[in-house]
Amino acid sequence: MIRVDRLSKTYGPYRAVDDVSFVAEPGRVTGFLGPNGAGKSTTMRVMVGLTPPDSGSATIGGLRYADIPNPGRHVGVLLDASAQHAGRSGREVLHLAAMTMGLPESRVDEMLRLVSLDEKEAKRRVGAYSLGMRQRLGIAHALLGDPSVLILDEPANGLDPAGIHWMRGLLRDYASRGGTVLLSSHLLHEVEVIADDMVVIGRGKIVAQGTKAELLRSAGTLVRAEDDALLGKALAGADITATPIADGGFRTEVDPVVVGRAAATNGVVLTELRPAESAGLEQLFLELTSDTQREQPVQEGPQA
Amino acid sequence: MTTATLETPAFATGNAIPFGRLLRVELRKMVDTRAGKWLLGVIGLLTAAALVILLLAASTQEHTFANAVGAAATPQGILLPVLGILLITQEWGQRTGMVTFTLEPHRAKVLWAKVAAAVVLGVAAMVLALALAAVVAAIGGAADPWAGMDAGVIGQYFLLEVVGVVGGLVFGLLFLNTAAAIVVSFALPIVFSVVTSLWNAVHKAQPWIDPATAQGPLQSGDHLTSTEWQHLLTTTLIWVVVPFVVGLWRVLRTEVK
């Protein structure tokens, strides 16, 4: 289990991580979601002791990272797949780590097989690897010590669709055997398909967290009508806050049944009424992070 | 990976990584990259080349063990510091420090393993020099090839090599950048010789502050006088011990990027 408690880290006037608290539970995949520069990497670096926090703490299995003896055997870490000596072969990179952790060479072979790096590729210098191959090597490196906790920063970066699919299966299986997985991403879809729990961060602050189901539920309702103007009036009359959508209809924070009643009362013919689901989660992500993103999202749809 | 269910993690269990293992890892890191392999190869080649030149260019009576050790130690003295520098700077230049200090978060332990690795490499280089020099002495044909050498003088050579390689490591630790560390390490003796030739007051103090001057007697073939030991001690304190403490302190406190 990973526990982050009121963590803060400042670089000069810039608060990279601002009072962040969350827990990643064993047996679950926790997605750490946020736009680039939101503080995901800094938080993860603090977890493994590479960056000292200004205040607050991060513990793994109840211990500070530095207090875990031979931590590679308990915590698998992939922070930057490119942070490897370009002149070493992939096999050599794993060999050095196995040596440090006190693991047999057979474990290196096992991991190379697991991530589908063949003998020839393993002998090549990491400098000649594609980003996808580096990412696979990084995942092999993280799993080498057979840890019970995985901390992966943007692990899907550079993987092709087949590779991403493979990694999802791997992490799903890992969590179902009781492992704790924390993975970060700046892409909602990536996290949405694999995570059980989600922690959303923007400009150093946690903006939402919970199970995926909870966050989906809070995404509200999508509704379209024969006459959207009439629907808009009906919703306003029922005191339902509604946001117009570009291709027609509205998104609201209330349940579908509330929207349905409002429409029925006013005799509005609905053409679509459903929980906002994935599109809603995306909307949520955009909204939650819109004021924290460098580029403001384009205003959706004409004002009604 | 294992197919068994991952057990409830007991994170406090297991032993810390033994120091000897970290030392072996650090030694391996010096030979598993092209830069490291080339550097070690060049040190070996230049050591041999210096001895071949001695055999060809010097008169037969000069083919003594003492001369051969002196000849072999010169190229080593120049290149071993670079080896020490690379031991440190590759972790920052290639950013492998992120992995190294994640697998062993006690950074001081890693750095001491690097110091130990530097000492091992310095000693190994000197052993090679002694072995090759012995061959030169045996085949060189001098009347008394083994004259002028004793355990004390050999010990001083070992000290020279070790101070050299650890000194390089300290420069690496101070700059955390290969180019800067190498440039300063080579420029320092030149700066000293220029400054001392122009400035008389510094000239007098030179053996107390210039490591190259203080280390010179180590390869003179004579035992150091007590003043010379003091010179060596002072310059080592100034150029090795103090910067090591500063560099260590900084690495322990700062972020590893």
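**Figure 1. A loop residue in chain B, Leu176(B).** Leu176(B) sits in the loop that links α6 (151-175) to α7 (178-198) of chain B. Keep in mind that what you're looking at is a predicted model. What is the sign of phi at Leu176(B)? Phi here is positive, near 50 degrees, even though the residue isn't a glycine. Most residues other than glycine have a negative phi. As for its surroundings, Leu176(B) has 18 other C-beta atoms within 10 Å, and because buried would take 20 or more, it counts as partly exposed.

**Figure 2. Asp19(A), a strand residue with a positive phi.** This one is over in chain A, in strand β2 (residues 14-24). Asp19(A) isn't a glycine either, yet its phi is positive, at about 55 degrees. Is Asp19(A) buried, exposed or partly exposed? Count the other C-beta atoms within 10 Å and you get 14, so it is partly exposed.

**Figure 3. Chain B and its helices.** Follow chain B from the N terminus and you'll meet α-α-α-α-α-α-α-α-α-α. That makes 10 helices and zero strands. The C-alpha trace covers about 75 × 45 × 30 Å along its principal axes. Chain B has 257 residues, and 40% of them count as buried. Now take the contacts in chain B between residues at least 6 apart in sequence: 82% of these join residues at least 24 apart.

**Figure 4. Inside the largest nonpolar core.** There are 129 residues in this core. Which of them touch the most other members? They are Ile151(A), Ala68(B), Ala72(B), Ala133(B) and Leu169(B). Zoom in on Ala72(B): leaving aside residues up to four places away in sequence, it touches Thr47(B), Ala50(B), Leu51(B), Ala129(B), Leu132(B) and Ala133(B). There's also a second, separate core of 13 residues, and Leu222(A), Ala225(A), Leu235(A) and Ala242(A) are among them.

**Figure 5. Where chain A and chain B touch.** How many residues does each chain bring to the contact? Chain B gives 34 residues and chain A gives 41. On the chain B side, α1 (19-31), α2 (34-57) and α4 (97-103) each chip in with at least two residues. Sort that side of chain B by class and you find 15 nonpolar, 10 polar and nine charged residues.

**Figure 6. The two domains of chain A.** The domain assignment splits out domain 1 (2-210) and domain 2 (218-290) in chain A. Between the C-alpha centres of domain 1 and domain 2 of chain A there are 38 Å.

How values were computed
Residues are numbered from 1 along each chain as its sequence is written. Chains are lettered from A and ligands numbered from 1 in the order in which they are written. This is a predicted model: local features need pLDDT of at least 70, side-chain atom pairs count only at pLDDT 80 or more; totals for chains, interfaces and linings use all residues. Helices (H or I, at least four residues) and strands (E, at least two) are DSSP runs, numbered from the N terminus. A residue is buried if 20 or more other C-beta atoms lie within 10 Å of its own, exposed if 12 or fewer, and partly exposed in between; C-beta atoms are placed from the backbone. Two residues are in contact if their C-beta atoms, placed from the backbone, lie within 7 Å. A nonpolar core is a set of buried Ala, Val, Leu, Ile, Met, Phe, Trp, Tyr and Cys residues joined through C-beta atoms within 7 Å. Domain bounds come from an automatic or database domain assignment. Ala, Val, Leu, Ile, Met, Phe, Trp, Tyr, Cys and Pro count as nonpolar, Asp, Glu, Lys and Arg as charged, and the others, Gly among them, as polar.
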